[in-house]
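Visitor: I should be grateful for a close look at a single part of this protein. Please take one strand, and then describe what surrounds it.

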Amino acid sequence: MQRILLVEDDPVFRLTFRKILVSRFPSLALDEARDGKEALDRIKVHPPDLVFMDLKLPGENGLEVTQKVKELYPEVVVIILTSHDFPEYRQAATEKGANYFLSKHSSSTEEILDLVRTICFP
């Protein structure tokens, strides 16, 4: 069973995104975290195959958490999914080890779901 962790501090976005993922991929195990600390705690207990990481989180930001995830579990795919789509964030995400960088505003739901399908069901 493929595992996904959604790291997002906005409860409305988290719930909406969860519903979309579960409706399309009911066999996925989906977990959530509100901040970086909770994400790292959950990853240590149940390492996911894929992490959707917001950039702006309480405490450590998503870039710092991404770097820690990739250092501990380099095989985990990290997708930055953010509303802060700036070239400097894209570059920093690559430097911290993120595999993908998607904008909440310009990435379509189908584009995101196709990426999940490619990663989790090759």
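Guide: A residue counts as buried when its relative accessible area is under 20%. In this predicted model, 43% of the 122 residues of the protein chain are buried in that sense. The part chosen here is strand 4, residues 77-82, where six of six residues are buried.

The cover extends to both faces of strand 4. In a regular strand the side chains alternate between the two faces of the sheet. On one side of strand 4 lie Val-77, Ile-79 and Leu-81, and on the other lie Val-78, Ile-80 and Thr-82, all of them buried.

Strand 4 has a pairing with strand 3, residues 50-53, in which the two run parallel and are joined by four bridges. In this pairing, Phe-52 stands opposite Ile-79 of strand 4. The connection between these two strands includes helix 3, residues 62-72; strand 3, helix 3 and strand 4 together form a right-handed β-α-β unit.

Strand 4 also pairs with strand 5, residues 100-103, again in the parallel sense and over four bridges. Here Ile-79 faces Tyr-100 of strand 5. Ile-79 therefore appears in both pairings, being opposite Phe-52 and opposite Tyr-100, and it is also one of the buried residues of strand 4. A right-handed β-α-β unit is likewise made by strand 4, helix 4 (residues 87-95) and strand 5.One residue of strand 4, Leu-81, also belongs to the lining of the largest pocket. That pocket holds about 150 Å³ of space. Its lining further includes Phe-13, Thr-16, Phe-17 and Ile-20, together with Ser-103, Lys-104, Ser-107, Ser-108, Thr-109, Ile-112 and Leu-113. Helix 1 (11-24) and helix 5 (109-120) are the elements that give two or more residues to this lining. The largest share, four residues, comes from helix 1. By class, the lining of the largest pocket consists of six nonpolar, five polar and one charged residues.

Helix 1 leads to another pair of strands. Strand 1 (residues 3-7) and strand 2 (residues 29-33) pair in the parallel sense over five bridges. The chain passes from strand 1 through helix 1 to strand 2, and this β-α-β crossover is right-handed. Within the pairing, Leu-5 stands opposite Asp-31 of strand 2.

Leu-5 and Asp-31 are also among the residues that line the largest cavity, as are Arg-3, Ile-4, Ala-29, Arg-42, Ile-43, His-46 and Pro-48. Strand 1, strand 2 and helix 2 (36-45) each give two or more residues to the lining of this cavity, and strand 1 supplies the largest share, three residues. The space in the largest cavity comes to about 50 Å³. Its lining divides into five nonpolar, one polar and three charged residues. A search of the whole structure finds one cavity of 30 Å³ or more.

The setting of strand 4 can finally be placed in the whole chain. The secondary structure comes to five helices and five strands, which follow the pattern β-α-β-α-β-α-β-α-β-α along the sequence. The radius of gyration is 13 Å, close to the 14 Å that the globule rule gives for 122 residues, so the protein chain is as compact as a globular protein of that length. Along its principal axes, the C-alpha trace spans about 35 × 35 × 30 Å.

How values were computed. Residues are numbered from 1 along each chain as its sequence is written. This is a predicted model: local features need pLDDT of at least 70, side-chain atom pairs count only at pLDDT 80 or more; totals for chains, interfaces and linings use all residues. Side-chain values use heavy atoms; hydrogens and water are left out. On a 1 Å grid over the protein atoms alone, a cavity is a set of points where a 1.4 Å probe fits but cannot get out, and a pocket is an open set with protein on both sides within 12 Å along at least five of seven lines; lining residues have an atom within 4 Å of a point. Grid points are joined across faces, edges and corners, and a volume is the space filled by probe spheres set on the points. Ala, Val, Leu, Ile, Met, Phe, Trp, Tyr, Cys and Pro count as nonpolar, Asp, Glu, Lys and Arg as charged, and the others, Gly among them, as polar. Two strands pair if DSSP finds at least two bridges between them. A crossover is right-handed if, with the strands pointing away from the viewer, the path from the first strand over the helix to the second runs clockwise. The radius of gyration is taken over C-alpha atoms; the globule rule is 2.2 Å times the number of residues to the power 0.38. Buried means under 20% relative accessible area, exposed over 50%, partly exposed in between (1.4 Å probe, protein chains only).
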